Amino acid sequence: MPEVEELDHLDGETTGDYDLDERHALRRVAGLSTELEDVTEVEYRRLRLERVVLVGVWPGGSFTEAENSLAELAALAETAGSQVLEGLAQRRLKPDPATFVGSGKVEELREVVLAQGADTVIVDGELSASQLRNLEDKVGVKVVDRTMLILDIFAQHAKSREGKAQVELAQLEYLSQRLRGWGASLSRQAGGRAGGAGGGVGTRGPGETKLETDRRRIRTRVAKLRRELTDMRTARDTKRAGRRRHAVPAVSIVGYTNAGKSSLLNRFTGAGVLVEDALFATLDPTVRRSQTAEGRVFTLADTVGFVRHLPHELVESFRSTLEEAADADLLVHVVDGSHPDPEGQMTAVRSVLADIGAGGVREIVAVNKSDAADPMVVARLLRNEPHAVAVSARTGAGIDKLRALIESELPQPPVEVDALVPYDHGELVARMHTVGEVLSIDHEAEGTRVRARVPEALAAALEPYAVARR
């Protein structure tokens, strides 16, 4: 069997408990205003509390959809540690190419910012560099778009070396398209003789702007991160190949962020991973070993949560991690049954799954938080999804039904055997239980008579004891 991460226990507390304590130690400090320039003098292990106003464009659909989108943006802002003061939405066919929202709404936004004492505006959409600059000029405070906000949350929550590298790569890819400069930032560095005695090779000629220097440094760093992630991907692929070689079925838990994926993993395996009522609470994938009632081993993997309009940079950077879902034999799609728009969340998740090549993997829908959800909503989801079960990771309701459904949907080993295994080769019987599906078993005088479905490699090892040969 390949090695799979085991649960760490210390004095009755899990690894997730310590992670949660560490995250709660990271607090943002009120009273330090956020200027357009970078502020670096911040209290140790503490960040600035930003007072934010939200603004979005409502191109179509119902007003409820617009409210849900702004509510999700508010949850993202609070997860990042900000204080949401107010939210504005404008109905228009498409965003304004200059300032995202119309000129009248910009003036209203500026008045709200001044009245509320806000220091940041968060836009429910992705801004171009010109839109970002124009909107900042108009409202007079820092402007952040949805993509920048999500990247900031990922940067806060990433723990593993691979996760941090993936987030940094996504941030640099996003930043490289939005570098800006004013005044001295656009002046050229001295080249040729103006470089003085220390100029030398590489500094002759007209010189380069600071903007060009920043782009060059970003390209260099991006190349280095891509090399590191390629090496890490090789290690991850090796682990996956080991599980496939040992015929261990892989089950991936996928779903919208904060749907309860980590809670479900803890309920199934006692993994003890971090659980928090926040968006993108866990980013690093966790793989745990589980087994069926008959003892057949399979792996459960918790993956990063999805969200509407998940930044393209994140999908590309986390592709090796998301491939845990694409390479799985079965997906457990966790849906928050208490959310106002669970169907919309499912559509967003399936869109990302299609992007990473996991659209054709068999899927079970687990309608989570059934204890808090409207029974009519749960009934509607169960009626519309062919392989669905209502569960509550908090109370444990429905977990046994979900486990049974997972066991029934696991891929069956390809070869059916009927063998009489001598008692001194009991390890073969144990392997049949672990990686195969035992159909019947009898203990006879000469050995153990077993009918089972097993992988091809184990079938070859059992060939000398096949009943048909006797």
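This is a short tour of selections to make in the viewer, one element at a time. The model is predicted.

**Stop 1: the open sheet**

Begin with strands 5, 6, 7 and 8. They form an open sheet of 4 strands in the order 6-5-7-8, with parallel pairing. Strand 6 and strand 8 (142–145) are the edge strands, and each of them pairs on one side only. On average, neighbouring strands of this sheet are turned by 25° against each other, direction ignored.

**Stop 2: strands 5 and 6**

Keep strand 5 (51–58) and strand 6 (83–91) on screen. The two run parallel and are joined by 8 bridges. To see the register, pick V57, which stands opposite Q90 in strand 6.

Next, show the side chains of W58 and R91. Which residue lies over the face of W58? That residue is R91, at 4.3 Å from the ring centre. There is no need to look for paired aromatic rings, as the structure holds 0 aromatic pairs.

**Stop 3: helix 2**

Select residues 63–79, which make up helix 2. The helix lies across strand 5, strand 6 and strand 7, and runs at about 150° to strand 5. A distance between its end C-alpha atoms gives 24 Å, which agrees with the span expected for 17 residues at 1.5 Å a residue.

Now colour the buried positions of helix 2: A66, N68, L70, E72, L73, A74, L76, A77 and T79. What do the buried residues of helix 2 pack against? Their partners are strand 5, strand 6, strand 7 (120–123) and helix 5 (146–157). When reading the list of buried positions, keep in mind that residues three or four places apart in an α-helix point the same way, because there are 3.6 residues a turn.

Move past the end of the helix to G81, which follows helix 2 and has a positive phi, near 100°.

**Stop 4: helix 4**

Return to strands 5 and 6, joined by their 8 parallel bridges, then add residues 129–139. This is helix 4, which packs on the sheet and touches strand 7 and strand 8. The direction of helix 4 makes about 140° with that of strand 8.

**Stop 5: the hairpin of strands 10 and 11**

Finish with residues 286–291 (strand 10) and 297–302 (strand 11). These strands run antiparallel and are joined by 6 bridges. Within the pair, R288 stands opposite L300 in strand 11. The hairpin has 5 residues between the strands, and G295 takes a positive phi near 100°.

Definitions and conventions: Residues numbered from 1 in each chain as written. Predicted model: local features only at pLDDT ≥ 70, side-chain atom pairs only at ≥ 80, totals over all residues. Heavy atoms only, no water. Phe/Tyr/Trp six-rings, centres within 6.5 Å; stacked < 30°, edge-to-face > 60°. Lys NZ or Arg CZ within 6 Å of the ring centre and 35° of its normal. Expected span 1.5 Å × (residues − 1). Buried < 20%, exposed > 50% of the residue type's maximum accessible area, 1.4 Å probe, protein only. Contact = heavy atoms within 4.5 Å. Pairing = 2+ DSSP bridges. Axes fitted to C-alpha atoms, helices over the stretch in contact; angles between N-to-C directions.
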